[in-house]
Amino acid sequence: MLKINKLHKSYPIGDSSLHVLKGIDLSVEEGEMVAIMGSSGSGKSTLLNIIGMLDEADEGEYILDGVPIKNLTEKKAAIYRNKFLGFIFQSFNLINYKNAVENVALPLYYQGLKRKERIEKAMFHLKKVGLANWATHLPNELSGGQKQRVAIARALAANPKLLLADEPTGALDTKTSYEIMDFIQSLNDEGKTILMVTHEEDIANMCKRIVRLKDGVIMEDVFINQERASAHV
Ligand code: ADP
Ligand code: MG
């Protein structure tokens with residue numbers, strides 16, 4: 001699904017620079033559910049943003065579904081982003097003035113579907129996350145867990161191959177976090193490849209693999225919960 005070789009990333013800070021990723025090698029196969037862990041500031045979001053083509057590495061190779069990502073034009077990059085990737089964020093990133101079903105329908109705009117088809121498809125995904133009755137409600141009328149469900153439905157609307165999540169439970173209470181993780185696990189059980197960032201051990205332990213970042217490199221990469229994996233493969 002994706003392969004990264006010797007990836008480096010620095011940010012310019014004043015007259016010097018901050019070397020955040022110092023040679024990351026990572027391969028993820030289809031059907032995996034991977035947690036990227038590490039302390040605050042260890043570069044988890046930086047890595048996820050590069051994988052999500054929201055940011056670019058300074059050095060190294062990144063191949064997504066067989067396509068080398070370097071040197072893609074902005075237009076091509078946008079096409080790949082929409083085709084391959086779905087995003088979930090800690091702060092949900094919903095559009096406040098659009099209701100739930102309109103938020104879910106947003107990625108479908110780029111598929112050239114008519115409004116009626118977009119809304120129908122979005123309703124299907126909203127049902128899947130259990131929010132069919134909330135379709136016409138605005139984000140500020142929803143709980144945190146419901147907002148994240150809308151965001152997950154939106155991330156899935158264009159049927160991406162890879163779902164990327166940056167601290168998806170970071171703004172939720174413990175009970176709601178587990179509900180969201182149960183749902184994300186069920187997506188993985190259906191075959192979706194998932195790569196998520198978290199700093200919470202309990203959340204990472206619900207994945208099938210944990211990759212730990214420290215001082216700009218991967219210091220540990222372990223497979224866990226493989227019985228859950230094999231039960232569905
Ligand atoms: P994490 O997600 O693990 O908390 P980040 O990837 O967000 O870490 O950040 C890693 C380091 O890079 C931090 O020290 C942060 O301050 C710095 N950083 C992140 N984004 C930028 C940016 N756009 N410009 C400058 N520094 C940044
Ligand atoms: Mg982060």
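Arg 212 in β9 has Glu 220 in β10 as its bridge partner, and the two strands pair in the antiparallel sense over six bridges. This pair belongs to a predicted model of a protein whose secondary structure comes to eight helices and ten strands. Two open sheets are described below, one of six strands and one of four, followed by the surroundings of ligand 1.

**The hairpin of β9 and β10**

- Strand β9 covers residues 209–214, and β10 covers residues 217–223.
- Two residues lie between the strands of this hairpin, and Asp 215 takes a positive phi near 50° there.

**The six-stranded sheet**

- The strands of this open sheet follow the order β6-β7-β8-β3-β9-β10, and their pairing is mixed.
- At the edges stand β6 (85–89) and β10; each has a single partner strand, so one side of each is left without a neighbour in the sheet.
- From one strand to the next, the twist averages 15°.
- Within this sheet, β3 (residues 33–37) and β8 (residues 193–197) pair in the parallel sense, over four bridges.
- Ile 36 stands opposite Val 197 in β8.
- In a regular strand, side chains point alternately to the two faces of the sheet.

**The four-stranded sheet**

- A further open sheet is built from four strands in the order β2-β1-β4-β5, with antiparallel pairing.
- Its edges are formed by β2 and β5 (67–68), each of which has a single partner strand, so one side of each is left without a neighbour in the sheet.
- Strand β1 (residues 2–13) and strand β4 (residues 59–64) are joined in the antiparallel sense by five bridges.
- In that pairing, Leu 2 has Leu 64 of β4 opposite.

**The surroundings of ligand 1**

- The residues around ligand 1 are Tyr 11, Leu 18, Val 20, Gly 38, Ser 40, Gly 41, Ser 42, Gly 43, Lys 44, Ser 45 and Thr 46.
- Both β2 (16–28) and α1 (44–51) supply at least two residues of this shell.
- Helix α1 gives the largest share, with three residues.
- By class, the shell consists of seven polar residues, three nonpolar residues and one charged residue.

**Ser 40, a member of the shell**

- Ser 40 is one of the residues surrounding ligand 1, and its place in the chain is the loop between β3 and α1.
- Ser 40 has 7 other C-beta atoms within 10 Å; it is therefore exposed, since a residue counts as exposed if 12 or fewer such atoms lie within that distance.
- Leu 113 is 73 residues from Ser 40 along the chain, and the C-alpha atoms of the two are separated by 40 Å.

**The protein as a whole**

- The protein has 233 residues and a radius of gyration of 18 Å; this agrees with the value near 17 Å for a compact globule, because that is what the rule gives for a chain of 233 residues.
- The C-alpha trace spans about 50 × 40 × 40 Å along its principal axes.
- Buried residues account for 39% of the 233 residues.
- Of the contacts between residues at least 6 apart in sequence, 66% join residues at least 24 apart.

Conventions. Residues numbered from 1 in each chain as written. Chains lettered and ligands numbered in written order. Predicted model: local features only at pLDDT ≥ 70, side-chain atom pairs only at ≥ 80, totals over all residues. Near = placed C-beta within 6 Å. Nonpolar A, V, L, I, M, F, W, Y, C, P; charged D, E, K, R; others polar. Pairing = 2+ DSSP bridges. Axes fitted to C-alpha atoms, helices over the stretch in contact; angles between N-to-C directions. Rg over C-alpha atoms; globule rule 2.2 N^0.38 Å. Buried ≥ 20, exposed ≤ 12 C-beta atoms within 10 Å, placed from the backbone. Contact = placed C-beta atoms within 7 Å.
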